[in-house]
Amino acid sequence: MNTLRIVNGRVIDPAQNLDQVTDLWIHGKHILAVGPQTQHQATRTIDAAGKIVCPGLIDMHVHLREPGREEDETIATGTAAALAGGVTSVACMPNTEPALDSQAAAEFVYLQAQRAGHANVFPVGAITKGRKGEELAEIGGLVEGGAVAFTDDGSPVASAEIMRRALEYCRMFDKAVLSHAEDLDLTRGGVMNEGFESARLGLRGMPAAAEEVMIHRDIELAALTGGRLHILHVSTAGGVELIRNGKRRGVSVTGEACPHHFTLTDQCLRTFDSNYKMAPPLRTDADVRAIIEGLRDGTLEVIATDHAPHAPEKKMRELDQAPNGIIGLETLLPICVLALIEPGHLTWPQLIEKLTRNPARVLGIDRGTLRPGALADVTVLDPTTEWTIDPARFRSKSRNCPYTGWKVRGRAWAVVVGGEVKGEPQAVQ
Ligand SMILES: [Zn+2]
Ligand SMILES: [Zn+2]
């Protein structure tokens, strides 16, 4: 078996409270040791001087589109995009066609991910059959097939009764329920946040209350059932506050922020560019500040992309016809550097914790740490290299990125998945 040594890097592993310039040793598929070793012989050495060496990043909110919409993305292209962005594990959402609502569907995802041989993929099962919101999916079978959590993402679970039973059922398997918090009656026909900008532009809005009433409902249901609740893509100040209060009451609730919701606002819609159209929508400056505060104080413990590929011909439609969402895997790191590290909102260990240990805990997967014996998923990132975002160079099949032309710093330099160096150390453009 090969022994890989990554030397001179700043090794950051929040799960061990580790942040020091040292060596990381990998033997076969597993982490062997951290620190200088004399008893081991390396078969390969990577010099990571000036780089950060951390557990492989985990993006727990990704749409891979396969099966059913392979023109937008496939498991192979989506996981290649993940590696390019420094992400070694993704959790994929079940709004495929057909929906990921059976044991066989979960097993198919593992098979395709293995065939592709890029990043690890952990399937998230649908809460309801066909994501129709009517009848619980076969939760037990999905767990058997390897589903790591449950959601109807893309859609909310409209029925409080079904959401209650999902929380109860998933609790028996110690799986989290991931809530896409949206009251569809309040958002119908909306293309952007409801407020000053939507009124000014004459576009139909979606009020913050549409998110907040559902977050409130789901926190109450988590309190009632003792189930584990995770709120996806929190976009509103009110949503952050509800989660903060829920935690104070001892409810088992975690919160997630997406980079676009802490970097962009509804003012972007003045361009009428559909790359600023998503659900939940871009909100206001005050919401952006509240999300950053939620990240700072630990209310929001996960950062995930909600990577939502759409082929160009779909996203180029008129604003009210274009589908929701943007891609995010290949811009995750530099956008976090720009919005969180450079202004001093988060330290590197704090950021890395939200991209490694915390999502691993929500999903209950054995990833997100560099502890000796752990599976060797490692991201080596260059925190300072400047580059210009150009979606034409992305590995993703889709190009719906709102950051084209942004000058940013920081990118993945090498990735290791299960002990194998996947992205070769690269000279950056
Ligand atoms: Zn969603
Ligand atoms: Zn999503």
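Donors, in this tour, are N, O and S atoms within 2.8 Å of the metal. The model is predicted, and the tour visits its two zinc sites in turn.

**First stop: the bridge.** Select D153 together with the two zinc ions. D153 bridges the zinc ion (ligand 1) and the zinc ion (ligand 2), which lie 3.5 Å apart.

**Second stop: ligand 1.** Select the zinc ion (ligand 1) and display D153, H180 and H233. Coordination comes from D153 through OD, H180 through ND1 and H233 through NE2, at 2.0 to 2.1 Å. Along the chain, these donors are spaced as D-x26-H-x52-H. H180 is found in the loop between β10 (176-179) and α5 (184-187), and H233 in the loop between β13 (229-231) and α8 (237-248), so this pair ties together parts 53 residues apart in sequence. With a surface displayed, H180 counts as buried at 6% relative accessibility, and H233 is buried at 2%.

**Third stop: ligand 2.** Select the zinc ion (ligand 2) next, with H61, H63, D153 and D306. The coordinating atoms are NE2 of H61, NE2 of H63, OD of D153 and OD of D306, at 2.1 to 2.2 Å. The arrangement of the 4 donor atoms is irregular because their angles run from 83 to 167°. The spacing of the donors along the chain is H-x1-H-x89-D-x152-D. H61 in strand β6 (residues 57-62) and D306 in the loop between β15 (302-303) and α10 (312-315) link distant parts of the chain, 245 residues apart.

**Last stop: the ends of that link.** Select H61, which is buried with a relative accessible area of 0%. Then select D306, which is buried with a relative accessible area of 10%.

Technical notes
Residues are numbered from 1 along each chain as its sequence is written. Chains are lettered from A and ligands numbered from 1 in the order in which they are written. This is a predicted model: local features need pLDDT of at least 70, side-chain atom pairs count only at pLDDT 80 or more; totals for chains, interfaces and linings use all residues. Side-chain values use heavy atoms; hydrogens and water are left out. Donors are N, O and S atoms within 2.8 Å of the metal (3.2 Å for Na, K and Ca); water is not among the atoms, so sites may look incomplete. Helices (H or I, at least four residues) and strands (E, at least two) are DSSP runs, numbered from the N terminus. Buried means under 20% relative accessible area, exposed over 50%, partly exposed in between (1.4 Å probe, protein chains only). Four donors count as tetrahedral if all angles lie between 85 and 135 degrees; four count as square planar and six as octahedral if opposite donors are over 155 degrees apart and all others between 65 and 115; anything else is irregular.
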